[in-house]
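Open the model in your viewer and keep the sequence panel beside it. The tour moves from strand to strand, then to loops and a cavity.

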Amino acid sequence: QVQLVESGGGLVQAGGSLRLSCAASGRTFSSDNMGWFRQAPGKEREFVAVISWSGGTTNYAGSVKGRFTISRDNVKSTVYLQMNSLKPEDTAVYYCNARPRLTGTSGAYWGKGTLVTVSS
């Protein structure tokens, strides 16, 4: 069983930055791909970024490429999402996901999400 707890969301002005964290419990974190997804009001949940178990491979949605960076610390069992140059359209609940495919298909385990609001 994997439990995921996100933190770091909040209100930020357009052009600003936020860093999300996802603390994971479970014995397999260091061998699992990890990812971030988001769901804006009235929209379906969508892929944001994924990182391989080793951290050596990452993949991003086109809408965030060059602005967001996913990383992980396998000692701390934590995955991060550094978000820079935020735009109002980045406003969403951001969810941590365990064991996604590197292509962006979600895995089986989800956190409860953290809200990011970007004001114009």
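Start by selecting β9 and β10, residues 109–110: 2 bridges join these antiparallel strands. Strands here are DSSP runs of E of at least two residues, numbered from the N terminus. Two strands pair if DSSP finds at least two bridges between them. Within this pairing, A98 stands opposite Y109 of β10.

A word on what is on screen: this is a predicted model, in which local features need pLDDT of at least 70 and side-chain atom pairs count only at pLDDT 80 or more, while totals for chains, interfaces and linings use all residues. Residues are numbered from 1 along each chain as its sequence is written, and side-chain values use heavy atoms, with hydrogens and water left out.

**Along β9**

Extend the selection to the whole of β9, residues 92–98. Is this strand enclosed or open? Of its 7 residues, 6 are buried, so β9 is largely enclosed by the rest of the structure. Buried means under 20% relative accessible area, exposed means over 50%, and partly exposed lies in between (1.4 Å probe, protein chains only).

Now add β11, residues 114–119. β9 and β11 pair in the antiparallel sense over 3 bridges. Pick A92 and look across to β11: V116 stands opposite.

**On to β4**

β9 also pairs with β4, antiparallel, over 6 bridges. Select Q39 to see one of the links: its bridge partner in β9 is V93. β4 covers residues 34–39 and is mostly covered, with 5 of its 6 residues buried.

Next, show β5, residues 46–51. β4 and β5 run antiparallel and are joined by 5 bridges. Which residue of β5 is the bridge partner of F37? The partner is F47. Then follow the turn of this hairpin, where 6 residues lie between the strands. Stop at G42, which takes a positive phi near 75°.

**The loop between β9 and β10**

Return to the end of β9 and select R99, in the loop between β9 and β10. R99 has a positive phi of about 65°, although it is not a glycine. Its relative accessible area is 37%, so R99 is partly exposed.

Stay in this loop and pick G107. At 14% relative accessibility, G107 counts as buried. What does G107 touch, not counting residues up to four places away in sequence? Its contacts are N97, A98, R99 and P100. Contact means heavy atoms within 4.5 Å. Draw a distance from the C-alpha atom of G107 to that of D32: the separation is 10.0 Å, for residues 75 apart along the chain.

**The open sheet**

Hide those strands and select β1, β3, β8 and β7. These 4 strands form an open sheet in the order β1-β3-β8-β7, with antiparallel pairing. β1 (3–7) and β7 stand at the edges with a single partner strand each, so one side of each has no neighbour in the sheet. On average, neighbouring strands of this sheet are turned by 15° against each other, direction ignored. The strand axes are lines fitted to C-alpha atoms.

Zoom in on β3, residues 18–25, and β8: 6 bridges join these antiparallel strands. A23 has T78 as its bridge partner in β8.

Move to S77, in the loop between β7 (68–73) and β8 (78–83). S77 counts as buried, at 17% relative accessibility. Beyond its neighbours within four places in sequence, S77 is in contact with C22, A23, A24 and F29.

Then jump to S85, in the loop between β8 and β9. S85 is not a glycine, yet its phi is positive, at about 50°. Its relative accessibility is 41%, so S85 counts as partly exposed.

**Last stop: the cavity**

How many cavities of 30 Å³ or more does a search of the whole structure find? The search finds 1. A cavity is a set of points on a 1 Å grid, over the protein atoms alone, where a 1.4 Å probe fits but cannot get out. The volume of the largest cavity is about 40 Å³, counted as the space filled by probe spheres set on the points.

Select the lining: V2, L4, A24, S25, G26, R27, T28, F29, D32, M34 and A98. Lining residues have an atom within 4 Å of a point. Colour them by class to see 6 nonpolar, 3 polar and 2 charged residues. Ala, Val, Leu, Ile, Met, Phe, Trp, Tyr, Cys and Pro count as nonpolar, Asp, Glu, Lys and Arg as charged, and the others, Gly among them, as polar.

Notes. On a 1 Å grid over the protein atoms alone, a cavity is a set of points where a 1.4 Å probe fits but cannot get out, and a pocket is an open set with protein on both sides within 12 Å along at least five of seven lines; lining residues have an atom within 4 Å of a point. Axes are lines fitted to C-alpha atoms, for helices over the stretch in contact, and angles run from 0 to 180 degrees between N-to-C directions.
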